Amino acid sequence: MYESIICSDQLEADRRQTIVVVGGGLGGLFTGALLAKNGRVVTVLEKNSALGGGLHTFRRGGVEYATGMHVFGGFSEGNIMDRICRYLGIDKSLHLVATDADCMDEVFTPYGRYRIPQGRENYVGYLSTLFPHEAEGIRQYVDALYRLASAEMSSFLDNASSSGALGEDQFLWPADALIDYYVADPRLRSLLSYLAPLYSGIKGETPAFEHAMVNTLHIDGSSMFASGSQRMADALAGVIRDAGGEIVTGCEVERVVVAERRAVAVETVEGRRFEADQFVWAVDPRQLVEKASGGTFPQSFCNRVKEATYSYSAFKLYLKLGHGMISYTKHPMYFFNGDDERGAWNAADVSIGDWPRCAMAVMGGEQGAVNGEQTAETMTVVAPMSYDWFGRWSDSVVGHRPEDYYLFKKKLEQKLFALLRRYMPELEGSVESVFSSTPLTIRDYNGIHRGSMYGFHKDCNHIMYTKMSVNTKVGNLFMTGQSVNLHGMCGVAITSVMAAEAIMPEKKLLE
Ligand SMILES: Cc1cc2nc3c(=O)[nH]c(=O)nc-3n(C[C@H](O)[C@H](O)[C@H](O)COP(=O)(O)OP(=O)(O)OC[C@H]3O[C@@H](n4cnc5c(N)ncnc54)[C@H](O)[C@@H]3O)c2cc1C
């Protein structure tokens with residue numbers, strides 16, 4: 001009896017704990033919402049004036065554009081994102097649309113156009129019809145994808161390191177080696193890599209488990225936001241506010257004060273100080289190492305973070321389409337240039353003359369039917385790009401870049417548009433306005449080193465350097481976000497579950 005009173009007092013005290021989350025992007029908001037849902041008093045500090053990080057959308061010319069969230073898996077019934085969002089009670093407010101069941105992705109290559117269907121059996125069947133001589137290999141390859149993804153998912157949900165999954169034979173093979181093991185046709189090998197730009201796939205380095213996770217999540221059903229990813233940021237912020245928490249925007253953290261192995265406070269550029277019982281770092285880990293008081297972390301940790309390589313960056317083209325001119329497609333389109341069979345690996349590894357090697361495009365804002373067909377309002381295009389091309393302007397900031405930066409940007413816009421026009425000639429004359437963003441834009445808005453799309457690059461040859469723990473050496477300081485485990489909608493949300501469970505060890509949130 002006495003013991004149970006102590007326990008319930010302790011639980012009550014835990015529930016009232018104050019938590020400061022640094023970074024109001026996907027990871028910060030999911031972690032904050034999970035903690036708030038369990039009674040913690042959460043304050044999220046976001047440097048930008050608008051919340052959301054990769055979820056942020058903005059309006060220009062009367063239409064809305066997404067910055068870093070276009071298509072994602074995990075929302076089919078009972079799948080991981082569906083479970084997390086139901087748990088938080090936000091599933092009904094997201095306005096998701098499932099991509100077309102008979103064509104979740106449309107892939108345009110110099111050899112042909114592929115309409116990849118959703119569903120494991122449909123996927124195998126479609127590819128086997130196109131490549132009948134590879135039918136057996138395709139089935140075995142897809143079985144391997146599901147086996148690896150399931151091992152990876154269990155290791156996440158057990159809140160363990162990947163050690164359990166490491167027992168899986170092919171877990172740490174390079175993704176391209178996994179494909180090559182099962183199929184031999186060069187065109188099929190190339191086609192099976194078409195999603196590589198969604199995880200900045202690098203030949204010989206990207207682990208098979210990452211390729212398997214992204215591919216299976218999509219095969220099981222991918223989704224897009226019908227009315228903008230900002231809705232998800234706002235819904236998550238709502239969970240935090242409803243539980244008595246606070247979201248502070250325009251609040252850039254510049255120092256983490258640590259004393260005697262405990263984080264005491266964070267201080268902002270404007271001189272504000274926020275104290276709390278626990279802290280969650282939901283920003284690039286490189287910033288943590290730079291901003292924590294001297295001697296906070298062992299040198300080995302600092303070196304590991306500073307020496308990490310980052311996934312590549314991207315150039316983005318935003319097109320406002322003329323009214324009723326372009327048919328709306330409810331799925332992403334992938335465009336490939338050139339006539340080699342390199343597939344989508346190392347997509348940013350290209351000379352300026354040969355750029356872009358590939359691009360992904362999604363349409364937005366259905367305008368209603370014209371001649372019986374839905375038409376699109378916008379088209380947003382993402383093309384992998386190396387940050388190095390913009391290194392010479394790295395000292396400049398948004399709104400104050402030199403003239404030659406803008407000239408270079410214009411040139412790249414034209415090159416990217418030429419790739420689109422090659423496969424969609426109807427775009428010529430259908431575009432009302434165009435603007436673009438560069439790796440420097442991503443760096444400055446998201447606060448990520450080298451404008452990286454997905455944070456730390458995952459390399460199967462150095463796996464221990466690319467997966468990190470949500471716990472740090474500072475007992476009350478935790479990490480979340482894309483560099484900690486996997487990136488993207490599912491990777492970051494799952495890592496948020498891990499971070500929240502590390503703070504509330506008595507909880508198993510998704511049981
Ligand atoms: C162009 C592009 C397209 C993408 N498309 C997709 C896609 O279609 N599907 C998908 O699943 N993933 C996509 N991603 C990846 C996805 O956006 C990221 O994996 C995800 O947003 C990472 O979440 P995060 O919380 O780690 O970082 P973020 O969402 O970037 O959040 C970090 C937040 O911290 C803030 N911040 C930084 N420094 C500070 C500081 N010092 N103080 C306070 N706040 C700070 C930032 O402003 C930001 O809001 C894309 C990424 C890019 C760049």
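Strand 7 and strand 8 make a hairpin, with just two residues sitting between them. The model here is a predicted one, and in it the two strands run antiparallel, with five bridges joining residues 105-109 of strand 7 to residues 112-116 of strand 8. To pick out one pair, Glu106 has Arg115 in strand 8 as its bridge partner.

Zooming out, the hairpin's strands belong to a total of 22 strands in the protein, which go along with 16 helices. In terms of overall dimensions, the C-alpha atoms take up a box of roughly 70 × 55 × 45 Å when the principal axes are used. The radius of gyration comes out at 23 Å, and because a compact globule of 511 residues would have a value near 24 Å, the protein agrees with that expectation. As for packing, 49% of the 511 residues count as buried. Sequence separation tells its own bit of the story: take the contacts between residues at least 6 apart in sequence, and 71% of them join residues at least 24 apart.

On to the domains. The chain splits into three of them: domain 1 is pieced together from 2-95, 226-308 and 462-503, while domain 2 covers 120-220 and domain 3 covers 312-453. Between the C-alpha centres of domain 1 and domain 2 there are 29 Å. Where these two domains meet, eleven residues of domain 1 and eleven residues of domain 2 take part in the contact. On the domain 1 side, helix 16 (residues 488-503) supplies the largest share, namely four residues. Sorted by class, that side of domain 1 holds five nonpolar, four polar and two charged residues.

That leaves the ligand. Its shell is made of 37 residues, and the closest ones are Gly25, Gly53, Gly54, Gly447 and Gly488. Four elements each put two or more residues into this shell: helix 2 (26-37), strand 15 (313-321), helix 14 (439-446) and helix 16. Helix 16 thus turns up in both places, at the side of domain 1 that touches domain 2 and in the shell around the ligand. By class, the shell has 16 nonpolar and 17 polar residues, plus four charged ones. So where does the ligand lie with respect to domain 1 and domain 3? Both domains give residues to the shell, so the ligand lies between them.

Notes: Residues are numbered from 1 along each chain as its sequence is written. This is a predicted model: local features need pLDDT of at least 70, side-chain atom pairs count only at pLDDT 80 or more; totals for chains, interfaces and linings use all residues. Domain bounds come from an automatic or database domain assignment. Two residues are in contact if their C-beta atoms, placed from the backbone, lie within 7 Å. Ala, Val, Leu, Ile, Met, Phe, Trp, Tyr, Cys and Pro count as nonpolar, Asp, Glu, Lys and Arg as charged, and the others, Gly among them, as polar. The radius of gyration is taken over C-alpha atoms; the globule rule is 2.2 Å times the number of residues to the power 0.38. A residue is buried if 20 or more other C-beta atoms lie within 10 Å of its own, exposed if 12 or fewer, and partly exposed in between; C-beta atoms are placed from the backbone. A residue is near a molecule or strand if its C-beta atom, placed from the backbone, lies within 6 Å of it. Two strands pair if DSSP finds at least two bridges between them.
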